[in-house]
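The following exercises concern aromatic rings, charged side chains and the nonpolar core of one protein chain. Each task is followed by a solution in steps.

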Amino acid sequence: MRDGRRLAFEEWGDPDGTPVVLLHGTPGCRLGAVPHDLIEARPGVRFIAYDRPGYGDSDRGPGRRVAQAARDVAALADALGLGRFAVLGRAGGAPHALACAALLPARVRRVAALASTAPPVAEGLNWFEGMAASCVEEFTRALTDPLDHADRLAARAAAIRADPAQFFASIRDGLTDSDRRIVSTPAVSDLLLRSYRAALRTSAYGWLDDHLALLSHWGFDPAGITRPVLLWHGAEDTFAPVGHFEWLARHIPRARPVLDPKGGHFSALEALPDVLDWLCATPRTVG
């Protein structure tokens, strides 16, 4: 990167296919962006994923905002010789995908934001309403005592490195029945557990900086997005409650909202095939 940071990325699929940049969840890394069977089922797509700063093999960028994702994605696209491309972000990666929609309108074709939170300054939204108690406690601590929050995340990261399943144990109060079914599927479980271990293998800085970025001003206004955006959400999500989805759907001018009435947070993984169909569609094949 121009500022001297290293940004780790990986790509799969057709090198001449439609480029889709994948933004992983929180915590996460490039290895957990999409299941590999989905990659194999999309032979005409070029999948590109990177570790956000502080995760995996990417250097930390202290004090980063959500908006920085647009600069990093643009730099990555330049390095790979991409012209226009689509962006897909899930969970903690979804607001970063919206940053690309807002700040790279000449380069981004379409954006999909799955299970996204709304900005913390979202007017008229009770940000914590409907959120799992563990999340409320965690985010509140990040806002009120960031040093203590950093210490606690470091301890959790060490436990996850030793046993990645500890992550699911720590968020069990927010898991819906559909979430439990999905994350217990061997292929999904293996994908997520490998991703968590790799994401936190050296530190918890990426996790910490994601929290601080998501809870501070994002650096852009979702109302200024001019590119087509697919918003996908599970109505039973307790990590990003449905009120966040409803707020984003009202404020993003070209949003296409899709709500799964029985979906939870991890149901976004099951929605990926349909989401990719929309992302990669040409104007002639969609209304």
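**Exercise 1. Charges over rings**

Over the ring of which residue does the charged end of Arg-110 sit, and how many Å from its centre?

Solution. The structure is a predicted model. The ring in question belongs to Trp-278, and the charged end of Arg-110 sits over this ring at 4.3 Å from the centre. A second case involves Arg-60, whose charged end sits over the ring of Tyr-205, 4.0 Å from the ring centre.

**Exercise 2. The surroundings of Arg-60**

Describe the location, the accessibility and the contacts of Arg-60.

Solution. Step one is location: Arg-60 is found in the loop between strand E3 (45–50) and helix H2 (68–80). Step two is accessibility. Arg-60 has a relative accessible area of 31%, so the residue is classed as partly exposed, given that this class lies between 20% and 50%. Step three is contacts. Beyond residues up to four places away in sequence, Arg-60 touches Arg-5, Pro-53, Gly-54, Tyr-205, Leu-208 and Asp-209. With Asp-209 there is a polar contact between the two side chains, at 2.8 Å.

**Exercise 3. Classifying an aromatic pair**

Classify the ring pair of Phe-168 and Tyr-196 as stacked, tilted or edge-to-face, and locate both residues in the chain.

Solution. Two quantities describe a pair of aromatic rings: the distance of the centres and the angle of the planes. By the pairing rule, the model has eight aromatic pairs. For Phe-168 and Tyr-196, the ring centres are 5.8 Å apart and the planes stand at 70°, so the arrangement is edge-to-face. The cut-offs behind this step are 6.5 Å for the centres and over 60 degrees for the planes. Phe-168 belongs to helix H6 (residues 166–170) and Tyr-196 to helix H8 (residues 186–199), so the pair joins parts that are 28 residues apart in sequence. As for accessibility, Phe-168 has a relative value of 12% and counts as buried. Tyr-196 is also buried, at 5%.

**Exercise 4. From a pair to a cluster and a core**

Trace the ring pair of Phe-168 with Phe-266, and place Phe-266 in the largest nonpolar core.

Solution. The rings of Phe-168 and Phe-266 are edge-to-face, at 6.1 Å centre to centre with 70° between the planes. This pair links distant parts of the chain: Phe-168 is in helix H6, while Phe-266 is in the loop between strand E7 (255–260) and helix H11 (268–280), 98 residues apart. Both residues are buried. Ring pairs extend the picture to a cluster of Phe-167, Phe-168, Tyr-196, Trp-207 and Phe-266.

The largest nonpolar core has 96 residues, among which Leu-88 and Phe-266 touch the most other members. Helix H11 supplies the largest share of this core, with nine residues. Leaving aside neighbours within four places in sequence, the contacts of Phe-266 include Phe-168, Ile-171, Leu-175, Leu-192 and Tyr-196.

**Exercise 5. A second arginine in a loop**

Is Arg-254 buried or partly exposed, and which backbone oxygen does its side chain reach?

Solution. Arg-254 lies in the loop between helix H10 (242–251) and strand E7. Its relative accessibility is 46%, so Arg-254 counts as partly exposed. Residues up to four places away in sequence aside, Arg-254 touches Thr-226, Arg-227, Pro-228 and Val-229. The side chain of Arg-254 reaches the backbone oxygen of Thr-226 at 3.1 Å.

Definitions and conventions
Residues numbered from 1 in each chain as written. Predicted model: local features only at pLDDT ≥ 70, side-chain atom pairs only at ≥ 80, totals over all residues. Heavy atoms only, no water. Phe/Tyr/Trp six-rings, centres within 6.5 Å; stacked < 30°, edge-to-face > 60°. Helix = DSSP H or I, 4+ residues; strand = E, 2+ residues; numbered from the N terminus. Buried < 20%, exposed > 50% of the residue type's maximum accessible area, 1.4 Å probe, protein only. Lys NZ or Arg CZ within 6 Å of the ring centre and 35° of its normal. Core = buried A, V, L, I, M, F, W, Y, C linked by side-chain atoms within 4.5 Å. Contact = heavy atoms within 4.5 Å. Polar contact = N/O pair within 3.5 Å; in protein donor to acceptor, adjacent residues only side chain to side chain.
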